[in-house]
Each structure stands twice: as structure tokens, then as C-alpha cells.
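Me: I am new to this structure and should like to learn how its features are read. Could we take them in turn, beginning with the strands?

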Amino acid sequence: MPIDENLVFKPVRIAVLTISDSRSAAEDRSGDKLEELLTGTGHILAARAIIKDETALIVSRLHNWIDDPEVDVVITTGGTGLTGRDVTPEALHRLDGKDIPGFGELFRWLSYQTIGTSTIQSRACAVVARGTYIFALPGSTGAVTDAWEGILSTQLDSRHKPCNFVELMPRLTE
């Protein structure tokens with residue numbers, strides 16, 4: 001899908017949330033990778049945090065960022081698996097947003113090219129809540145890279161044709 005070089009790139013303000021019971025800032029390779037990818041393409045890192053795999057904590061942090069006019073997009077990493085502590089999709093559903101089902105479907109299709117049938121263990125998903133896009137990715141650097149390079153880098157590029165998420169931003173709260 002083409003990028004229309006005649007159009008002006010509009011940077012998006014993106015918050016990165018790592019969801020993990022065990023990672024610290026020094027060990028947050030997925031968060032580091034996301035920051036590198038998004039700033040490397042011209043977007044703005046609006047905020048970054050690490051929190052535990054607890055639904056109430058995730059929902060609270062997401063509500064804060066949704067209500068922050070300096071955050072357009074939130075990308076989470078971690079908590080999308082099948083274990084009892086993986087609660088990120090459940091947290092996103094508590095935001096009462098609109099699901100973006102194609103995101104998870106496309107992510108798993110892309111991921112299949114890399115990790116085969118193991119992709120079925122991912123519950124990657126996305127919603128738009130009160131005008132803010134939220135994308136929930138698995139906690140590996142490979143998954144973060146697949147999602148960014150295969151989906152987000154183009155959908156968050158205002159020059160991407162035939163359409164992109166950025167051009168919808170002004171209308172998300174209609």
C-alpha cells in the first residue's frame with residue numbers, strides 16, 4: 001500500500017504501556033523496541049510506564065491516558081496470552097470502546113509468518129475509546145516488531161493510502 005509523498009507527515013503522540021509482573025525499566029526490551037520504532041518514524045513518545053498484570057491498574061492507567069489531550073494512541077505490550085495473569089484484553093473491554101477486530105486478526109496472520117501456529121496463543125486486540133486508539137500487543141520484541149512494521153507504521157502514517165487511522169482522529173468522538 002502506497003505512501004503519498006506529496007502529503008505532509010503528521011506525527012502522532014503515542015504512550016507506551018508495558019504490562020508485566022516481572023519487568024523493570026532496565027529489562028523492558030519490548031517497551032524499548034516500541035519507543036525506538038515509533039520515534040524512528042517521526043512520532044512522539046507522549047508517555048511511558050510499566051505496571052503489573054492487574055485489570056484495575058491497567059484500566060486506571062488507560063483512562064488517565066485516554067483523558068490526556070497529549071495522548072492520541074496507546075500501545076500496550078504484555079498480558080495478551082492465555083495464562084491466568086494475562087488480563088490486558090479484559091482491561092481494554094472495560095473501557096467501553098469500539099473493538100477494532102481486524103487488528104487482532106491481521107496481527108495473528110502476520111505473526112503466523114514468523115512463529116507459525118504458536119500465534120494462536122496471542123489475544124492481541126485493539127479498541128478506540130473516547131477518541132484514543134489502544135493497541136494491545138504481546139510482550140515479545142518480535143511481536144512488537146511484527147505489529148509495528150506490518151500494521152501500525154502504515155496505519156499511523158497520515159500519508160498512507162487509501163486510508164489510515166490518523167485521518168479518522170478528528171471524527172472519533174462524533
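Reply: Let us begin at one position: Thr76 stands opposite Ala136 in E6. The model is predicted, so local features need pLDDT of at least 70 and side-chain atom pairs count only at pLDDT 80 or more, whereas totals for chains, interfaces and linings use all residues. Residues are numbered from 1 along each chain as its sequence is written, and side-chain values use heavy atoms, with hydrogens and water left out.

Me: What does it mean for strands to pair, and in what order do the six strands form the open sheet?

Reply: Strands of a sheet pair through backbone hydrogen bonds, either parallel or antiparallel. Here two strands pair if DSSP finds at least two bridges between them; strands (E, at least two residues) and helices (H or I, at least four) are DSSP runs, numbered from the N terminus. The order in this open sheet is E2-E1-E3-E6-E5-E4, with mixed pairing. Strand E2 (44–51) and strand E4 (98–99) stand at the edges with a single partner strand each, so one side of each has no neighbour in the sheet.

Me: How many bridges join E3 to E6?

Reply: Five bridges join E3 to E6, and the two run parallel. Strand E1 (residues 13–19) and strand E3 (residues 73–77) also pair in the parallel sense, over five bridges. Within that pairing, Ala15 stands opposite Val74 and Leu17 stands opposite Thr76.

Me: Which way do the residues of E3 point?

Reply: In a regular strand the side chains alternate between the two faces of the sheet. Val73, Ile75 and Thr77 point one way from E3, while Val74 and Thr76 point the other way. Five of the five residues of E3 are buried, where buried means under 20% relative accessible area, exposed over 50% and partly exposed in between (1.4 Å probe, protein chains only).

Me: How is a nonpolar core recognised, and which residues have the most contacts inside the largest one?

Reply: A nonpolar core is a set of buried Ala, Val, Leu, Ile, Met, Phe, Trp, Tyr and Cys residues joined through side-chain atoms within 4.5 Å. The largest has 28 residues, and those with the most contacts inside it are Ile14, Val73, Ile75, Phe103, Tyr133, Phe135 and Trp148. Its largest share, six residues, comes from H5. Apart from this core lies another, of 22 residues, including Leu62 and Ile134.

Me: With which residues is Trp148 in contact?

Reply: Contact means heavy atoms within 4.5 Å. Leaving aside neighbours within four places in sequence, the partners of Trp148 are Ile14, Leu37, Leu38, Thr41, His43, Ile75, Ser153 and Leu156.

Me: How are aromatic pairs read, and why is the pair of Tyr133 and Phe135 called stacked?

Reply: Rings of Phe, Tyr and Trp (its six-membered ring) pair if their centres lie within 6.5 Å; planes under 30 degrees apart count as stacked, over 60 as edge-to-face and the rest as tilted. By this rule there are four aromatic pairs. The rings of Tyr133 and Phe135 have centres 6.0 Å apart and planes at 20 degrees, so the pair is stacked. Tyr133 and Phe165 form a tilted pair, at 4.7 Å centre to centre and with 40 degrees between the planes. This pair links distant parts of the chain, with Tyr133 in strand E6 and Phe165 in helix H6, 32 residues apart. Both Tyr133 and Phe165 are buried. Ring pairs link Phe103, Tyr133, Phe135 and Phe165 into a cluster.
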